[in-house]
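The following exercises concern domain organisation and strand pairing. Work through each task with the structure at hand before reading its solution.

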Amino acid sequence: MKLDFKPFELKLRNTWTIANGRGSNFASVVLARLTDGGIVGLGEAPTSRRYSESVESMQAFLRLVNPAKLSFDDVPGSMAYVERLAPKNCSAKCAVNVALLDGAARKAGKPIYDLLGLGFRENKHVTSFSIGIDTKEIIRAKTLEAAVYPVLKLKIGMPGERENLAALRAVAPGKTVRVDANEGWKTKEEALKNLEWLAEDPLIEFVEQPMHASTPPADMAWLKARSPIPLYADESYHKAGDVALCAECFHGVNVKLLKAGGVSEAYEALKAAQKAGLKTMIGCMIETSVLITAAAHLAELTDHLDIDGNLLIDNDPYLGATAGKGMMSFAKTPEKNGLRVRTRNADPFA
Ligand SMILES: [Mg+2]
């Protein structure tokens, strides 16, 4: 087995700002590739300031991996080895896990969703489209640009959030909107006041992560008991082990491959959440079609999708699942097995 990896800079279509107030025109990922006996598995590790996952830290972790210890024939055993190398580093582990599953499913001659026993139904899974924090003029323009997407996700949790929602509503009055507070509200009282304001809009479907993940669980449970809108955990839910806390404090969870450390752990996280009676969603970072497609393989375990990271960039080197008008589909995907992703034009590893 051979492991290759290299940093890749994604060019954003629009400057991307979230609740910490910082904006950027680029997002970095590390692309990974496992090759064994003519079978190639692709993986990807997105960066995240929130989780201290940088291009440098991810490459340092991937240098620790001895590819001779990895096998497409034993994904759980290979991941147990990777897990023992160092704690955390979930994004780098995600890259290895996705590449392993891609290779394993290609070897089995089936898509990952069939390898996992989930299948994938066409015309059923709609992803939301994210409108980042910006001036109200730009939010209005971005909302108009996103006219084909039936569900929007608005990032709030900053001063000016009311004007921003009003700007979106001025041009999309009848659209379902999910709101992501990104840990932006400081106290349970402030959060409740904002939730009551949001509840005046009947088309707001749910609110993600109102307060910081380090908020005492009693405060989060207090908010859940009073919230007029369903609350979804993002930063509070990484893996299946977080499910008891989230069942107490939230109505649903947003699982991400970055936080879980790949598709295998994300599968477990979604199953655990369903078992606990929580609604489920799978989300993403700014990523290429490798990870967006990887997430789409888990669609059957979700109530909602939020996998638009590849729609926000204009130099995606890969082709995979598509999201025309928000409908996730594998119908036009040229690759039939594994991750169902192939290089668009130039191979980033060439
Ligand atoms: Mg979020």
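Domain bounds, as used below, come from an automatic or database domain assignment. The model is predicted.

**Exercise 1.** Determine how the chain is divided into domains, and describe the side of domain 1 that touches domain 2.

*Solution.* Step one: the chain comprises domain 1 (2-113) and domain 2 (129-343). Step two: their C-alpha centres are 21 Å apart. Step three: 36 residues from domain 1 and 37 residues from domain 2 take part in the contact. Step four: the elements that each supply at least two residues of the domain 1 side include strand S1 (2-17), strand S2 (23-36) and helix H2 (75-85). Helix H3 gives the most, with 11 residues. Step five: sorted by class, this side of domain 1 has 19 nonpolar, 9 polar and 8 charged residues.

**Exercise 2.** Establish whether the two faces of strand S9 are covered or open.

*Solution.* Step one: in a regular strand, side chains alternate between the two faces of the sheet. Step two: S9 spans residues 252-256, and 5 of its 5 residues are buried. Step three: Gly252, Asn254 and Lys256 lie on one side, Val253 and Val255 on the other, and both faces are covered.

**Exercise 3.** Identify the strands that pair with S9 and the sense of each pairing.

*Solution.* Step one: strand S8 (residues 231-233) pairs with S9 in the parallel sense over 2 bridges, and Ala233 has Val253 as its bridge partner in S9. Step two: between S8 and S9 the chain passes through helix H9 (residues 243-249), giving a right-handed β-α-β crossover. Step three: strand S10 (residues 279-283) runs parallel to S9 and is joined to S9 by 5 bridges; here Asn254 has Met281 as its bridge partner in S10.

Note on methods. Residues are numbered from 1 along each chain as its sequence is written. This is a predicted model: local features need pLDDT of at least 70, side-chain atom pairs count only at pLDDT 80 or more; totals for chains, interfaces and linings use all residues. Two residues are in contact if their C-beta atoms, placed from the backbone, lie within 7 Å. Helices (H or I, at least four residues) and strands (E, at least two) are DSSP runs, numbered from the N terminus. Ala, Val, Leu, Ile, Met, Phe, Trp, Tyr, Cys and Pro count as nonpolar, Asp, Glu, Lys and Arg as charged, and the others, Gly among them, as polar. A residue is buried if 20 or more other C-beta atoms lie within 10 Å of its own, exposed if 12 or fewer, and partly exposed in between; C-beta atoms are placed from the backbone. Two strands pair if DSSP finds at least two bridges between them. A crossover is right-handed if, with the strands pointing away from the viewer, the path from the first strand over the helix to the second runs clockwise.
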